[in-house]
Amino acid sequence: MGAREVGLPERVPAGGLPPRVEIWEVGARDGLQNESSVVPVEVKLEFLDRLAGAGLTTLEATSFVHPKWVPQLADAEQLLAGLDRHDGVRYPVLVPNDRGLNRALDAGVDHIAIFASATETFAQRNLNSTFDDQFGMFEPVVTRARKEGLEVRGYLSMCFGDPWEGVVDVEQVVRAGKRLLDFGCSQLSLGDTIGVATTNQVTRLIEAFGDTSALAVHFHDTYGQALANTEAALRAGVSTVDSSAGGLGGCPYAESATGNLATEDLVWLLEGLGVEHGADLGKLVETSVWMAGQLGRPSPSRVVNALAG
């Protein structure tokens with residue numbers, strides 16, 4: 001008899017946690033963009049449909065980055081045109097610049113995300129920009145998107161450590177993040193792009209922002225710290241967590257980055273903490289097993305492998 005059949009994990013609610021967490025599912029975008037081969041659009045569409053069927057209500061669908069840089073997502077327009085949208089589900093897309101915004105508007109999206117860097121080196125390598133100049137690139141994108149009635153999320157990468165620069169100054173991260181919020185981003189996702197963060201780092205950074213109402217977190221599991229860091233963020237007041245079904249993902253511009261926090265592992269944690277999330281764990285596991293089969297390899301998610309095995 002399996003763990004679920006005997007009522008595990010046990011729900012042991014604790015104080016100091018949000019009553020409900022919004023899961024921001026990034027598997028179809030951040031997960032698949034790191035694949036070595038292109039996943040057929042029909043598979044991506046079924047993946048999104050299965051994720052929505054599992055109760056997830058925010059599914060980052062694709063990216064309008066130039067196909068030269070991310071060929072795995074070159075089918076963005078085709079995917080959005082073929083998307084079977086579920087009621088109550090949002091399908092944000094990533095845009096890198098004004099040209100990407102044009103494509104997103106033409107495709108009829110209503111929610112975009114931009115992707116900035118907390119460090120100089122990653123800004124140069126990922127954005128072909130300096131740390132300061134990136135904000136001049138993003139401000140008009142955010143301003144125009146808001147005038148068009150779009151919601152805008154800001155991603156900030158390398159918030160806890162940079163493979164070229166090492167430790168990242170907390171005040172630099174806060175200054176960069178607040179600039180994105182001041183431009184008009186309604187949410188700011190703090191990214192541990194190479195998965196080096198530890199719990200006290202997470203708490204310190206979130207506390208340095210003061211107001212946590214617009215913050216989200218995005219952890220990679222390179223050193224096995226993603227779940228611990230997530231709980232630290234929740235206890236510091238964050239209630240939106242990015243994750244990827246089956247632990248798919250990495251970062252094409254940071255080779256030391258491994259997979260994202262697996263959505264199933266996150267849901268297992270939230271259930272044990274007594275925090276509402278709205279997802280169906282069984283359907284999530286089925287979806288991740290199916291997707292792993294499409295990719296021809298097992299899922300790195302501990303929960304997927306335990307419940308599916």
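Me: What links Phe131, Phe135 and Phe183 into a cluster?

Reply: Ring pairs join Phe131, Phe135 and Phe183 in this way. The model is a predicted one.

Me: Why is the pair of Phe135 and Phe183 called edge-to-face?

Reply: The planes of Phe135 and Phe183 stand 65 degrees apart, and planes over 60 degrees apart count as edge-to-face. The centres of these two rings are 6.4 Å apart, and rings pair if their centres lie within 6.5 Å. Phe135 belongs to helix H6 (residues 133-147) and Phe183 to helix H7, so the pair ties together parts 48 residues apart in sequence. Both Phe135 and Phe183 are buried.

Me: How many aromatic pairs does the structure hold, and what makes the one between Phe115 and Tyr155 tilted?

Reply: There are five aromatic pairs. In the pair of Phe115 and Tyr155 the planes are 45 degrees apart, which is neither under 30 nor over 60 degrees, so the pair counts as tilted. Phe115 sits in strand S4 (residues 111-117) and Tyr155 in strand S5 (residues 151-157), 40 residues apart.

Me: How do you know whether Tyr155 is buried or exposed?

Reply: Its relative accessible area is 3%. Buried means under 20%, so Tyr155 is buried.

Me: Why is helix H7 called oblique to helix H8?

Reply: H7 (residues 170-183) and H8 (residues 199-209) pack at about 50 degrees. That angle falls outside the roughly parallel range, under 35 degrees, and the roughly perpendicular range, 65 to 115 degrees, so H7 is oblique to H8. The residues in this contact comprise six nonpolar, one polar and two charged.

Definitions and conventions. Residues numbered from 1 in each chain as written. Predicted model: local features only at pLDDT ≥ 70, side-chain atom pairs only at ≥ 80, totals over all residues. Heavy atoms only, no water. Axes fitted to C-alpha atoms, helices over the stretch in contact; angles between N-to-C directions. Helix = DSSP H or I, 4+ residues; strand = E, 2+ residues; numbered from the N terminus. Parallel < 35°, antiparallel > 145°, perpendicular 65-115°, else oblique. Nonpolar A, V, L, I, M, F, W, Y, C, P; charged D, E, K, R; others polar. Phe/Tyr/Trp six-rings, centres within 6.5 Å; stacked < 30°, edge-to-face > 60°. Buried < 20%, exposed > 50% of the residue type's maximum accessible area, 1.4 Å probe, protein only.
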